[in-house]
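Please open the structure in your viewer and keep the selection tool at hand, since this tour moves from one selection to the next and says what is found at each stop.

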Amino acid sequence: MADSNNLEETLKPFYHRASEAEERLARLEISIASKTDSRIEELERTVAELQSKLKDVTAELKAEKEKAHKQVEERTSENAKLKYQIKHLVRNLEEALSKLASK
């Protein structure tokens, strides 16, 4: 029995230190969890902000593409009209030169 008491007295500081270590570990786990939670929330806000910006930029890009497409169509139409006018001007010029040459 004396050996049992002696063993308990010998182990008492170790139990005490183990208990303190467990308490510190629990506090650290809580601290890390709260920091991790706030970091996750911060990352989620950043991701949401980036997604919003991406959506805005995508919409702007789509609008610019549509604008560019419309300008290409307008230029193509204008080009076709100018080619038609040039064709007739050249033909009229050739006819005028032909009449001049025959006189």
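Begin by selecting Glu49, which is partly exposed because its relative accessible area is 47%, where buried means under 20% relative accessible area, exposed means over 50%, and partly exposed lies in between (1.4 Å probe, protein chains only). This is a predicted model, in which local features need pLDDT of at least 70 and side-chain atom pairs count only at pLDDT 80 or more, while totals for chains, interfaces and linings use all residues. Residues are numbered from 1 along each chain as its sequence is written, and side-chain values use heavy atoms, with hydrogens and water left out.

Next, add Lys53 to the selection: the side chains of Glu49 and Lys53 meet in a salt bridge, at 3.5 Å from N to O, a salt bridge being a side-chain nitrogen of Lys or Arg within 4 Å of a carboxyl oxygen of Asp or Glu. Both residues lie in helix H1, four residues apart, which is about one turn of the helix; helices (H or I, at least four residues) and strands (E, at least two) are DSSP runs, numbered from the N terminus. Lys53 is also partly exposed, with a relative accessible area of 46%.

How many salt bridges does the structure hold? It holds three, so two stops of this kind remain. Select Arg39 and Glu42, whose side chains meet in a salt bridge at 3.3 Å, N to O. Because they are three residues apart in helix H1, Glu42 and Arg39 are separated by about one helical turn. Glu42 counts as partly exposed at 37% relative accessibility, and Arg39 counts as partly exposed at 44%.

Then select Glu74 together with Arg75, which form a salt bridge with their closest N and O atoms 4.0 Å apart. Here Glu74 counts as partly exposed, at 39% relative accessibility, whereas Arg75 counts as exposed, at 52%.

Now move to Leu82, Ile86 and Val90, which form a nonpolar patch on the surface with about 250 Å² of accessible area together. Patches are made of residues with over 30% relative accessible area and no salt bridge, like charges being joined within 9 Å and nonpolar side chains (Val, Leu, Ile, Met, Phe, Trp, Tyr) within 5 Å; accessible areas come from the Shrake-Rupley method with a 1.4 Å probe, and for residues only the protein chains shown count as cover. Leu82 is placed in helix H1, which covers residues 2-102, and counts as partly exposed at 41% relative accessibility.

Finally, select the whole protein, which has one helix and zero strands. Its radius of gyration is 43 Å, well over the 13 Å that the globule rule gives for 103 residues, so the protein is more spread out than a compact globule; this radius is taken over C-alpha atoms, and the rule is 2.2 Å times the number of residues to the power 0.38. The C-alpha atoms fill a box of roughly 145 × 20 × 15 Å, taken along the principal axes. Of the 103 residues, 0% count as buried, and the protein exposes about 10000 Å², of which carbon and sulfur atoms supply 59%.
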